[in-house]
Structure formats: C-alpha cells, structure tokens
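Thanks, everyone. Let's get the structure up on the screen and walk through it.

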Amino acid sequence: MSVIVPKQCRVCKTELNRHEAIRGICMSPDCRRSDIPFQLAKREQSILADITQLSSSFWSGQLSHKVAYVPANTQPIEALPEQRQKAICKHIVEIVHLASSDKENQLDTPVDRTATRNGISESQARLPLLGSLCSLCEGYCCSLGGDTAFLVPGVIRRVMELQPDLTIEQIENQYLSSIPEQHYRGSCVFHAASGCALPRELRSRVCNDFICEKLANTVVKCEGFESQYVVAAVDGQRVERLAKVDGMEVHSVKIV
Ligand code: SF4
Ligand code: SF4
Ligand SMILES: [Zn+2]
C-alpha cells in the first residue's frame, strides 16, 4: 500500500521539505499553533478506534455500541506519608479555628466556591451515571486536592450551619477521623482506594460540583438517543478500563 506524502503545509500551503512532509506541516510557530486542534482531533480518533477494537475483543457481538471515554487514575495505593498526614491535620485545625473565630468578618475568610460543570445541568449532575463513570475513572481529578483537599474556612462555616448541634471540636474530629491510612500515591490526602474518604457533606463545593469536560461530553452522549455505549477510562492514550453503559446504567466493567 502506498502512503500519500503531503507536499504542502496543511495550514499555510507552502511547500514542505522531506522532514516536514512527515507531519504535513511547516516549521512556522503560527502553523504549529493553528495545528493543535487537528492534532487533538487525530489523537481523539485514535483513542476512540482503540476503544472500539478493545471492546469488540471483550464483548463480541456488541459492535453496535458507540464509544466514549473519561480520564483514568492509574496511581498505586500506598500509606499516606507522615508528612502529608501532619500537613492536613495542621490545615484542618487552622481552618476550623478561622471559621469559628471570624464569624463576623466573612469578607476576609476564603469562601466555599463552586467549580465548573462543563455545561452539565443541575438535573444531569444528579444522574447516577456520573458517579459510576467517576468510579471507572477512579478520581483522576482528585490529584489536584493535594494536602488541603480544597478545604477553606468557608466549607467549615457551611458545615457549622448544617450541623448547629455539633461543637466545633466535634466538627474538627469528623475531618480528622476521616483521614485514611492508605491513599492513591501523589493524590489528595483523602483519596482512598474506595474513593473519597471524606463524607460528601464535609467536602468542599469544588469537590462536590466539579465535572470534567470528558465526563460532561460522555454524559451528554449517553443521555442522547443512542444510549448504548462502551465507555473507557483512558490514561494519556492508554485504555485502562472499559464499561458497558446500557440505558444510563453501567452493566459490566473490564480491566484492560
Ligand atoms: S470528574 Fe472526570 S476526572 Fe474527575 S473523577 Fe469524574 S471522570 Fe474522573
Ligand atoms: S476531598 Fe475527596 S473529592 Fe475532594 S479532592 Fe480529595 S479525594 Fe477528591
Ligand atoms: Zn505552514
């Protein structure tokens, strides 16, 4: 089979030398920048092709399913390092102190902000499918939680309002006793093997609201007319896990 080698830059149409022809684009930084969407689309197509191929080998006869993907956390579980344990304990004590001693001065206290949902509506955000697909991903976005888990005095203030009968020490203890012994390496201190070790009502609004772009796109696709999907969890370009979604429910998961 002969490969057609492009003669012109696909952006500016100037003639390409042999080296440039391999990528089909000239060396101009402007052309390289304008080419990013093309490269992303190519990468996306290659990932979707890999998912289709893998899913047909796992579920023969399921080729009518469409494919989509979410990110994948692939970090191993390890003991929460002592230094990080100390850091989160210190942070909790500090924000609880700030929240309880600065009630009148709310402007100076960091508030509990919401995060992007990438266009997902309130009712779509409540679909059980989202939780199932985040489980398939195993919490890639939690790597951003670090040693503070997006917890600010504003979160503690909300918890104090929701649980007015609890003393401030009891609220502090709820957080401290949730710190897991084991977590995903390098991820948020609360990111345990079973998911977030912090009860939902104690988490920041960022944690409770955030929906990544890939998850948002996948939910919109699965909610459409074609509701049978194979959804993959993908790390870079490597497919890690596959799930069959029928009628908005995850039916089976395969580890690749
Ligand atoms: S929001 Fe996205 S990155 Fe975060 S856990 Fe869910 S699927 Fe993974
Ligand atoms: S607190 Fe929980 S949801 Fe938030 S980043 Fe940490 S592990 Fe993820
Ligand atoms: Zn060019």
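At what angle do helix H6 and helix H10 pack, and how far apart are their axes? Keep in mind that this is a predicted model. The angle is about 130°, and the axes are 11 Å apart. H6 covers residues 128–137, and H10 covers residues 213–223. That angle makes H6 oblique to H10, because it falls outside the ranges for roughly parallel, antiparallel and perpendicular. The crossing of H6 past H10 is right-handed.

Who touches whom? From H6 we have Leu 129, Leu 130, Leu 133 and Cys 134. They meet Leu 215, Thr 218, Val 219 and Cys 222 of H10. By class, this contact has 7 nonpolar residues, 1 polar and no charged.

Next pair: helix H4, residues 82–101, and helix H7, residues 153–162. Here the packing angle is about 60°, with 8 Å between the axes. H4 and H7 are therefore oblique to each other. H4 passes H7 in a right-handed crossing.

Look at the contact itself. H4 brings Ile 95, Val 96, Leu 98 and Ala 99. H7 answers with Pro 153, Ile 156, Arg 157 and Met 160. The class count for H4 with H7 is 7 nonpolar, no polar and 1 charged.

Now the ligand. Which residues are around ligand 2? Starting from the lower numbers, there are Gly 139, Cys 142, Gly 145, Ala 149 and Phe 150. Then come Cys 188, Phe 190, His 191, Cys 196, Leu 198, Arg 203 and Cys 207. In this shell, 8 residues are nonpolar, 3 are polar and 1 is charged.

Let's zoom out to the domains. How is the protein divided? Domain 1 is residues 1–28. Domain 2 comes in two pieces, 29–72 and 215–255. Domain 3 runs over 77–211.

Take domain 1 and domain 2. Their C-alpha centres lie 30 Å apart. Each side gives residues to the contact: 6 from domain 1 and 6 from domain 2. On the side of domain 1 that touches domain 2, 5 residues are nonpolar, 1 is polar and none is charged.

To recap the helix pairs. H6 and H10 pack at about 130° with axes 11 Å apart. H4 and H7 pack at about 60° with axes 8 Å apart. That's my tour. Over to you.

Note on methods. Residues are numbered from 1 along each chain as its sequence is written. Chains are lettered from A and ligands numbered from 1 in the order in which they are written. This is a predicted model: local features need pLDDT of at least 70, side-chain atom pairs count only at pLDDT 80 or more; totals for chains, interfaces and linings use all residues. Axes are lines fitted to C-alpha atoms, for helices over the stretch in contact, and angles run from 0 to 180 degrees between N-to-C directions. Helices (H or I, at least four residues) and strands (E, at least two) are DSSP runs, numbered from the N terminus. Angles under 35 degrees count as roughly parallel, over 145 as roughly antiparallel, 65 to 115 as roughly perpendicular and the rest as oblique. A crossing is left-handed if the near helix is turned anticlockwise from the far one by less than a right angle, and right-handed if clockwise. Two residues are in contact if their C-beta atoms, placed from the backbone, lie within 7 Å. Ala, Val, Leu, Ile, Met, Phe, Trp, Tyr, Cys and Pro count as nonpolar, Asp, Glu, Lys and Arg as charged, and the others, Gly among them, as polar. A residue is near a molecule or strand if its C-beta atom, placed from the backbone, lies within 6 Å of it. Domain bounds come from an automatic or database domain assignment.
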